Amino acid sequence: MRLLDGLDPSQQEAVVSEAAPLCILAGAGSGKTRVLTRRIAHRVTAGSAEAGRTLVLTFTRKAAGELRSRLQSLGVRDQVAAGTFHGIAYTQLRRRWADRGEMAPTLLESKVRLLAPLLSRARAESRNPALVHTPDLATEIEWAKAHMVTPARYEAAAQVSGRRLQFPLATMAAIFQHYEDDKRRRRMVDFDDLLAGCVQALEDDPEFAAGQRWRFHHFFVDEFQDVNPVQFRLLRAWLGERLDLCVVGDPNQSIYAWNGADPMLLTEFPQHFAGAEVLHLDHNHRSTPQVVSVASAVLGPSQVPPKATRPDGPLPVIRRFETDDAEGRGIARILRRAHAPGVGWARMAVLARTNAQLVLLEEHLRAAGVPCRLTGDGSLLRQAEVRAALAHMRRSTAGTTFTSRLSDVEAMSLEPGSLESGALEPGGEANRDEHSGNERRLNLQTLVRLGRDYAALDPAGSVDGFLAWLRAGGRGEGPQQGTDAVELTTFHRAKGLEWSVVVVAGLEDGLVPIGRARTPEAEAEERRLLYVALTRALDEVHCTWAEHRTFASRIMARSPSPYLEPVEVAIATMAPGGDEG
C-alpha cells in the first residue's frame, strides 16, 4: 500500500491504528508530520473519515498550508480544513454574529495599545521601574486568559503558579481589570477572547454547537504539547460526546509553558480521554547519531536517546571565544568552511536564545561576506504589495465572489511584469529591483495560498472576513525568502525547521538558561528549548560561547552554560577512545 511505503514499523502502526482517541508521542526527527498526513489520507481512503468534515488544528498558518499540500500529494483531493485554534474560532464566531444580526466587535491586534497608558502605574509600584515594560503586562494577561483566570482571580492564581513580576501581583490584577473594562467600553476583543468566546458560545448555545459539530466530525491536532487549557476546553467543546480525535506531540519540545501551554495535557492524555491509546515513534530519521546523542544529553541522564537511523557524522564541537565580537567572526569562519557544493548558505542556520544576540551576529556575517537574513522581522500584512492587493480585492465589482477576487490577485502575481509595472502598487509606483520583485511576488503568492485556506473554512467569506481571519490566526506570517542565505533566528522560531549545519550561539549562563528562569519548571523548559535548537541540525552542530559580552556600554565576564557540561561528556564518550558503551 503506497501510504505505508518508506515508513518504519512504529510509523506504520500509527498510520493504520483504529484507536480513537489516539495519542502519538513523536520525538524530534521521528517523522510526525509524515505520519499525521498519511494517517489522515489512510482514513479518507479507507472511508472511515470524510475529507470535507475533517479539521486539522495547527499553531501556525504555514504548518496548516504544508499539511494540506502534503495531503494533496497523497491523493486527498477534497479539501481538508486546516488552521489555528484562533483562526477557526474567529471564523465560527463571525458567522454566528452575522446569523444573529449582531455587529462584530473590533479585533484588537495588539494589547500594547490599551496597556501603554497603564504602564506608569506598574512602574510607580515597582522596585525596578526600568525593568517594567508593556509586553510584560501583555504576557501576563495572555497567561491568565490561557488558564481562564479572570482579573478577580488573578492574584490568587498567580501566587499558586509562582508567577514572578517586577511589581506586586495586586497591581497586575488591577491593570488586568482596567484593560478588560477599557476593551469592553470600546467594543473590542483580543485574540485570547476569541477562544474563550467560542467556548462560551458552544457551551451555552446548543443550536450553534450542533452546527459546528455537524460541520466537523474528525479532529487531528499537531504539536499537542503546546495546547493550553482554554484551547483544550475549546477542543472538548468542538468534540462534544464524540471521540474521533488524534493528537501528535513531543513533551520534550514543550517550550511555551511560560505563555500558558500545558504539556501535561499530552503526557496525561489517557486521563482526559478514557480508553485512549498511546503510541510512540521511537526512531530519529533526521539527524546523525552524534547530533541525537548530544541533544538528548541536555535533557538529563534519565532521557533515553531515540535510535538514529542515519549514518555517523562529524562530532559536534564546542568553541570558546574571548569576546562576543570574536564569537561573531568565528561563526562567520565556521559557515564559510561549511559552505560547499551541496551545502548552500540556505542549508545553514545560526540560532540564539534572544533576538538581541542576532543583531550583532548579522553584522559580523555581513562584514565577512556571508549572506544572511533575520527571520520574523516583517509581517506579511505590512507589505505594500499585500495591502494594495487587498485594496484591489475590495474595489472589485459588487457581487463578485471572494474566490474570484482572489483569482485576480493570483493571475497578477503570476504575470511576468505585473508587479514591476505597478499593477498592484498605490499610485502605480513599484520597486523595479529584481530581488525585491521576487520577494513581492512571493508575498502575494503566500496571500493567495492563505486565501484558499480561508475559503475552505468559509465558502461564503468576504475580503473583510479574510483579513480578520488572517489577523486572528497567524497575524500575517510572511513566506520564507527564496534567496540563498544563512538563517538567523531564535531557538523558539527555529522549532519545526531543519538545516544541514547549525551553529548554536551564545551558550552562556544567564542566556541559556535565561536569567529569569528561576523555578525548576522554568529551568526544565530552558533545557527543552536547547534540545529543540540542537535537534534542528541534520549533520553538523557547532556550540559557541564568549568569555566576555558587551551589554550596552558594559563589558561583562561570562561563564559557559551549565548545559554544556553534559554536551561535553557526550562528545567525549563518542570520540575515538571514548567509552560509548
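Me: Is G65 buried or exposed?
Reply: This is a predicted model, so the call rests on computed accessibility. Buried means under 20% relative accessible area. G65 comes in at 7%, so this glycine counts as buried.

Me: Which helix is G65 in, and what does that helix help to build?
Reply: G65 has its place in helix α3. That helix covers residues 61–73 and sits in the chain of elements β2, α3 and β3. Put together, they make a right-handed β-α-β unit.

Me: Which residues is G65 in contact with, leaving aside its neighbours within four places in sequence?
Reply: Contact here means heavy atoms within 4.5 Å. With the neighbours within four places set aside, G65 is in contact with R449 and D453.

Me: How many Å apart in space are G65 and G83, C-alpha to C-alpha?
Reply: In sequence, G65 and G83 are 18 residues apart. G65 belongs to helix α3, while β3 spans 81–84. From C-alpha to C-alpha, the separation in space is 8.2 Å.

Me: What is the strand order of the open sheet with 6 strands?
Reply: Pairing in this sheet is parallel. Its edge strands are β3 (81–84) and β8 (277–281), each of which pairs on one side only. On average, neighbouring strands are turned by 15° against each other, direction ignored. Reading across, the order is β3-β2-β6-β7-β1-β8.

Me: Which residue of β7 is the bridge partner of L25?
Reply: Strand β1 (residues 22–26) runs parallel to strand β7 (residues 245–249), and 4 bridges join them. For L25, the partner in β7 is G249.

Me: What angle does the direction of helix α2 make with that of β6?
Reply: Helix α1 (residues 9–16) packs on the sheet too, touching β1 and β8, with its direction at about 145° to that of β8. Helix α2 (residues 32–46) touches β1, β2, β6, β7 and β8. Against β6 (218–221), the angle for α2 is about 175°.

Me: Which residues point one way from β2, and which the other way?
Reply: β2 is mostly covered, with 5 of its 5 residues buried. Both groups are therefore buried, under the 20% cut-off in relative accessible area. T54, V56 and T58 point one way, and the other way go L55 and L57.

Me: What are the bridge partners of L57 in β6 and L55 in β3?
Reply: β2 pairs with β6 in the parallel sense over 4 bridges. On to β3, β2 is joined by 4 bridges, again running parallel. L57 has its partner in β6, V221, and L55 has its partner in β3, A81.

Me: Why is strand β15 described as largely enclosed?
Reply: β15 covers residues 499–504. It is largely enclosed by the rest of the structure because its buried residues number 6 of the 6.

Me: Which residues are the bridge partners of M348 in β15 and of V502 in β16?
Reply: Strand β12 (residues 348–352) pairs with β15 in the parallel sense over 4 bridges. β15 is also joined to strand β16 (residues 537–551) by 5 bridges, and these two run parallel. For M348 the partner is V501, and for V502 it is V541.

Me: What share of the protein's exposed area do carbon and sulfur atoms supply?
Reply: The protein has 24 helices and 17 strands, and 53% of its 581 residues count as buried. It exposes about 25,600 Å². Of that area, carbon and sulfur atoms supply 51%.

Technical notes:
Residues numbered from 1 in each chain as written. Predicted model: local features only at pLDDT ≥ 70, side-chain atom pairs only at ≥ 80, totals over all residues. Heavy atoms only, no water. Pairing = 2+ DSSP bridges. Axes fitted to C-alpha atoms, helices over the stretch in contact; angles between N-to-C directions. Buried < 20%, exposed > 50% of the residue type's maximum accessible area, 1.4 Å probe, protein only. Right-handed = clockwise from strand over helix to strand, strands pointing away. Areas by Shrake-Rupley, 256 points an atom, 1.4 Å probe, with all protein chains shown as cover.
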